[in-house]
Amino acid sequence: MWQRYRKRIIPLLLAVICTVGCMGCGVPLAAQTDNSLATGGLLPYCEQKPAHLHLPKRDTPVVATWLPYFLYPDLFGGKTEAEAHQTVKTLLESAQSIGINTVFAHACAFGEAYYDSVCYPKAIETGQLDYLQILAEECKDLGISLHAWINPLRLQIPDVMAAWQSGTMAADWYHDAAKRAAHMAQVEGRYYLQPAADATCQLLCAAAEELLTRYAIDGIHIDDYFYPTSAADFDAAAFSHSGAKDLTLWRMENINRILQAMYETVHSVRDDAVFSVSPCGNLQSNLQTQYADCALWCEKSGYCDWLIPQIYYGYRNQTMPFSETLAQWLALPRDASVQVIVGLAAYKVGTVDVFAGGGSAEWQEDTALLAKQTADVLTTTESSGAALYHIGNVQQLSPDEKTALQSVISTVFSGSFYPSAVS
């Protein structure tokens with residue numbers, strides 16, 4: 001019997017085996033008749049992806065740094081455009097070699113622009129240079145993500161503002177006594193925009209729009225210059241006119257309104273752009289002194305894409321220890337649209353932390369502290385990255401400190417899956 005059916009059964013068995021094998025590797029059965037495969041051609045490579053393991057794809061973590069205005073004199077001062085390009089390129093290349101992939105660069109620090117603006121008068125020290133254009137070009141060449149950084153409410157001192165030339169929104173407000181009284185207020189000799197004024201939202205949104213439409217940047221970033229004082233007389237007239245009963249809640253709503261307006265503007269101009277905000281690291285201080293409701297911004301969509309708390313504390317800080325403070329921020333209820341990126345204090349490395357109590361010497365005693373904190377942040381799936389303040393301090397790290405930081409960052413980038421996938 002076997003001899004009789006052998007010639008029929010064996011080909012059938014081979015056909016079944018081939019069919020099952022083809023189904024397993026994901027190659028269509030029709031491909032088995034391709035002559036290139038039959039004659040010894042290379043089989044198609046089937047790479048296993050995270051999706052095949054039913055794991056989420058790991059996004060590239062943000063490793064950011066701030067580039068503040070007070071570094072601009074060394075980068076741009078007294079230089080030709082070509083010379084400025086070279087100094088910026090050198091700085092960015094050095095930061096990138098450590099692992100930095102995102103830069104928040106000052107576009108407006110005191111109501112004055114470091115770029116060509118119709119919203120703010122141009123800072124006099126820029127001369128003919130457009131700092132942001134130079135930064136944008138160099139970041140683009142290096143593949144670094146650039147975000148324009150605006151101090152939202154802080155303006156200049158009266159003597160400087162009196163010299164502003166008319167022709168921009170902020171300057172025209174200052175030179176008009178009625179608008180100055182309605183839109184601005186002084187605190188300790190410096191002017192600030194009034195958070196309650198509709199005009200403040202209009203100015204900040206116009207600035208965001210012009211930056212996103214005119215420059216090759218990836219987002220708009222604001223920091224923690226919200227209410228400059230808790231004194232009741234700062235905005236007493238506006239509060240009285242509002243009819244509100246609770247000053248604290250009214251001020252919080254004013255800041256919320258600014259964030260919502262800027263968020264909507266950023267995404268109406270370019271849906272893929274990022275709107276980020278960086279409050280101080282103390283949640284209670286944010287609420288009580290700056291009227292910044294960070295928990296709301298985290299829990300509800302429409303306020304920010306990235307929330308970047310400045311957790312500028314050591315592990316042994318007696319009032320705000322790093323690990324506990326980090327856990328507090330990462331435990332906040334969070335909307336799926338909001339990412340938390342943790343701000344770290346590169347500027348404290350090697351210094352005495354005078355407000356840390358018994359941990360005041362920690363930044364001097366532990367030379368690997370910044371690298372340890374970066375590792376803590378980058379290896380938890382609750383955060384989306386780290387931001388180091390600031391790029392100049394990162395440059396000033398000792399060779400050993402730079403190597404430790406670079407090692408932490410490169411280790412994170414070398415992983416293909418979330419930590420839980422390999423544990």
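Which residue in strand 10 is the bridge partner of Val 63? In this predicted model, the partner is Ala 386, and that pair is a handy way into the fold. Val 63 belongs to strand 1, which covers residues 62-67 and pairs with strand 10 in the parallel sense over 4 bridges. Strand 10 also pairs with strand 9 (residues 339-345), again running parallel, this time through 5 bridges. If you want a spot to look at there, find Ile 341, which stands opposite Gly 385 of strand 10.

So how much of strand 10 is buried? The strand spans residues 385-389, and 5 of its 5 residues are buried. In a regular strand, side chains alternate between the two faces of the sheet. Here, one side of strand 10 carries Gly 385, Ala 387 and Tyr 389, the other carries Ala 386 and Leu 388, and both faces are covered.

Next up is helix 16, residues 369-378, which is mostly covered, with 7 of its 10 residues buried. Those buried residues are Leu 369, Leu 370, Ala 371, Gln 373, Thr 374, Val 377 and Leu 378. What covers them? The list includes strand 1, strand 9 and strand 10, along with helix 14 (322-330), helix 15 (362-365) and helix 18 (399-414). The three strands from the opening paragraphs thus turn up again here, as part of the cover for helix 16.

Now for two helix pairs. Helix 9 (residues 198-214) packs against helix 11 (residues 247-269) at an angle of about 25 degrees, with the axes 9 Å apart. Angles under 35 degrees count as roughly parallel, so helix 9 is roughly parallel to helix 11. Helix 9 passes helix 11 in a right-handed crossing. On the helix 9 side, the contact includes Leu 204, Ala 208 and Leu 212, and on the helix 11 side, Ile 258, Ala 261 and Val 266 are among the residues involved. By class, the residues of this contact split into 10 nonpolar, 3 polar and 3 charged.

The other pair is helix 4 (residues 81-98) with helix 5 (residues 131-142), where the axes are 9 Å apart and the angle is about 45 degrees. Helix 4 and helix 5 are therefore oblique to each other. Helix 4 passes helix 5 in a right-handed crossing. Helix 4 brings residues including Ala 84, Val 88, Lys 89 and Leu 92, while helix 5 offers Ile 134, Glu 137, Glu 138 and Leu 142, among others. This contact has 7 nonpolar, 2 polar and 5 charged residues.

Notes:
Residues are numbered from 1 along each chain as its sequence is written. This is a predicted model: local features need pLDDT of at least 70, side-chain atom pairs count only at pLDDT 80 or more; totals for chains, interfaces and linings use all residues. Side-chain values use heavy atoms; hydrogens and water are left out. Axes are lines fitted to C-alpha atoms, for helices over the stretch in contact, and angles run from 0 to 180 degrees between N-to-C directions. Angles under 35 degrees count as roughly parallel, over 145 as roughly antiparallel, 65 to 115 as roughly perpendicular and the rest as oblique. A crossing is left-handed if the near helix is turned anticlockwise from the far one by less than a right angle, and right-handed if clockwise. Contact means heavy atoms within 4.5 Å. Ala, Val, Leu, Ile, Met, Phe, Trp, Tyr, Cys and Pro count as nonpolar, Asp, Glu, Lys and Arg as charged, and the others, Gly among them, as polar. Buried means under 20% relative accessible area, exposed over 50%, partly exposed in between (1.4 Å probe, protein chains only). Two strands pair if DSSP finds at least two bridges between them.
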